[in-house]
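Reader: Before the discussion begins, please show the sequence and the structure. I shall then ask on what grounds each description rests.

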Number of protein chains: 2
Amino acid sequence: MRQKNIRVIHYGLGPIGSLIARIVAERPGLEIVGAIDIAPDKVGRDVGEVIGLERELGVIVSADAAATLRSAKADIAIHTVGSYLERETPRLKAVIEAGTSVVSTCEELAYPQFKHPQIAAELNALAREHGVTVLGSGVNPGFIQDTIAVVLSGICRDIRHIRVYRRVDTGERRENLQRKAGAGLTVDEFRAQATAGGVHVGLTQSLQAIAEAIGWKLDRVEETVEPVVAEETVRSQFFVVQPGQVKGLHQMARGWRGGEEVLTLDLLMYIGLAEPEDTVIIEGTRPLEMRIKGVHGDSATAAIVVNAIPRVLNAPPGLVTMTNLPVVSATLCDVRTKVVG
Amino acid sequence: MRQKNIRVIHYGLGPIGSLIARIVAERPGLEIVGAIDIAPDKVGRDVGEVIGLERELGVIVSADAAATLRSAKADIAIHTVGSYLERETPRLKAVIEAGTSVVSTCEELAYPQFKHPQIAAELNALAREHGVTVLGSGVNPGFIQDTIAVVLSGICRDIRHIRVYRRVDTGERRENLQRKAGAGLTVDEFRAQATAGGVHVGLTQSLQAIAEAIGWKLDRVEETVEPVVAEETVRSQFFVVQPGQVKGLHQMARGWRGGEEVLTLDLLMYIGLAEPEDTVIIEGTRPLEMRIKGVHGDSATAAIVVNAIPRVLNAPPGLVTMTNLPVVSATLCDVRTKVVG
C-alpha cells in the first residue's frame, strides 16, 4: 500500500466539480491540495467553504492555474471545466506538463480518437512524455451508454445490433442541464442552440467507444438532435415551459456496417419525463435486455470520477479510456490500498 | 497487430468445452492446435467432428495431456474440466509449465484467494515464473453475480448493501446442470449431494470478489443451499420430477461487516422457474436497480471465455481475476487485432 495520501487538485468547482470535491474530502487516502476556479465568488475562499462542507480544508481557491499546479505537486487533477476538447486542450496540457495525471468530465475526451484524432495523439504523447495518465470519464459518456453495453457484450457470441436508451427527467436535475436540453426555448431557438453546439455532448463518443471495444469498423455514423415540445405547461424548480415551447431533447447517434444499422444510442431527456430508466438491448442469437433504474447523472458522474482515481494512477502513462481500463468499481476504503506502488 | 494466429488448446470437450471450441473455430485469428479429453468416444477423432462442426479441423483429440501440451506450443489453453480447484491444480500446473496461458471455467478459480489462498499463491508464482497468465472465468462466477455488481458500483458514492439475485429455469439447460441442481432427488439425497459438494459452486467466490473490488473487509461469510421441492409434477427433456421430489435449489451467500449484512447473493434455479431474470440492487444514498433478461448460462460462459482470450494474453503474467482485468467485451473481429505485441 502507498504510504502518502493521494494529492488531488480540483480544476473547476462548478456544481459537478464541487460534488466531486465533497466525495474526495470524505474518502480516506485522498487529500485536496489545490483548487482552481475563476468565479469571483469562489477565488480566495477556502475550498471547504466553497463546496459546502462544514469545515475548512486549509486550501484556498485560486484563479492562477499555473501557480496552483506548480506549487501543489498533485498526483491527480480532476478537471471539470467544459465539454469541448479543443477549448479544454490548453488546460489539460498545462496539467500534464505539471506532471499531474487527469480525470476529466470533458465529454469529448471520453473517446476522442475519432472526432479529434490529432488532439488525442498530442495528449497521448505529452502524457507519456511526462509519465502521467489522462482519462475522460463521467456517466454519459463514460458509463451508461457505452461501458455498460460493452460489459454486457462480454457474454455474447455474436451481435446483430446494440441499442442503448437513456431516459432522463431533467426536472430532477440542475438548472444547467435543463438549459442544455433546451428548456423554455422556442423550436427555432433550440435549433440555433443545437447548431452552436450548446446541447448534450458525447453520444457519438459513446458510439465509437462501443464499436472500437467490440471490434466493429463502422462505415457511417450519424448524430441527430431534435427538440421535445411541451403539449401542456411543465414546471421545474428553474423553468416554466409553456405549450409549444421546448421542454427537452431527443438525441440519437447511429452507426452502420455494410449498409445495416448496428448501433443505436437514443437519449431522451426533458422536464417531467415519467419513467426515467436506462436500457441496453443486444440483438443476436442470444438476445439480452438490461434495464437500470436510479442512475442520477450528476451523482453518478461525481462518483465514477472519484472511483476512477486508483485505476488512473495504476494505468500506464498516456491517454486511456473507460473501456480499456480495468473495471472502475466503487472504492469504499482507503484509496491508497488500491494504488500499486 | 499480431501476425500469427493465436494458438488454442482445448483441455476438456464436454458440453461447455465443445461449445467454446465451436466459437473458437469460427472466430478469426484463433486457431485450434490441440484438444485433450479422456472420453473413449472422443479420443482419436478429429476435433471438428467431436464438437459437431461440418468440417474437420485436422486436430486429433488426445487423452495424453502432457504430449499435447508439449507438441502444440499453444498460446492459451481453455480448461473446462472440473469445478473444484484442488482437483484441477495438477492439470493447471501442467498447462502453466508448458508455457501456456489459461482461461478456465473451474468455478473455484474465479476468485481463489479466500478459500484456497495457498493454491492461489502457488499458481500465481508458477505463472509468473513461466511468463503466462491464468484466469478463472465464466458466467457465474465471473460475470452475473459479481462483475456486473462491481461495474454498477462504479457510479456509487456510498453503498449500504448489495443484493444480487439470479433466477434460472434449469429446464432450459443441459442435463448436468439440472442434475447439479438436484432434479429428481429426494430431500435427503439432495442434502447428501450438497454435503458431498455436488451442487453449484462459486457463490462465495463471487461474494469475495465483490467485497475485494469495492474495498470491504467482511467479518463473516455464510453459504447455504436448500432444495426446492416440486408441488406438482414438473418435466424437462431429461427428468420427470414428482411432487415431493427436488426440482432445483436455492443457494445463498451472505457477507457481514460490523454486524450488518451488506452482501447478499441469491441463486434460485429449478426446472420450470417461470421468470428467469437477474437483478442487482444497490442500496445507498442513490439506490440502483438493474435487471437483465436473457443470460443463458452455457452460452454466456462459452462466449465470455472466448472473449477473455485477448485480455488474458495482454495481462501481466500471474493469476488474474475478472475484476482486475480490463472489461471483457465481445471480440467480433480478428482477435489478433486486440492482442498487443
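Reader: Which residues line the largest cavity?

Author: In this predicted model, the residues lining the largest cavity come from chain A as Gly294(A), Val295(A), His296(A), Ser299(A) and Ala300(A), and from chain B as Ile155(B), Cys156(B), Arg157(B), Asp158(B), Thr285(B), Arg286(B) and Leu288(B). The space in the largest cavity is about 80 Å³.

Reader: What makes the lining of the largest cavity count as five nonpolar, four polar and three charged residues?

Author: Arg157(B), Asp158(B) and Arg286(B) are in the lining, and Asp and Arg count as charged; therefore these residues belong to the charged class. Gly294(A) is placed among the polar residues because Gly counts as polar.

Reader: How do you know that Glu26(B) forms a salt bridge with Arg157(A)?

Author: The closest N and O atoms of Glu26(B) and Arg157(A) are 3.0 Å apart. The criterion requires a side-chain nitrogen of Lys or Arg within 4 Å of a carboxyl oxygen of Asp or Glu, so the pair qualifies. Between chain B and chain A the count is two salt bridges.

Reader: Why is an area given for what chain B and chain A bury between them?

Author: The size of an interface is often given as the accessible area lost when the parts come together. Chain B and chain A bury about 4100 Å², with 57% of it on carbon and sulfur atoms. Of the area that chain B buries against chain A, 19% is supplied by Ile155(B), Arg157(B) and Leu332(B), more than by any other three residues.

Methods: Residues numbered from 1 in each chain as written. Chains lettered and ligands numbered in written order. Predicted model: local features only at pLDDT ≥ 70, side-chain atom pairs only at ≥ 80, totals over all residues. Heavy atoms only, no water. 1 Å grid on protein atoms, 1.4 Å probe; cavity = no way out; pocket = protein on both sides within 12 Å on 5 of 7 lines; lining within 4 Å. Points joined across faces, edges and corners; volume = space filled by probe spheres on them. Buried area = accessible area lost by both parts, 1.4 Å probe.
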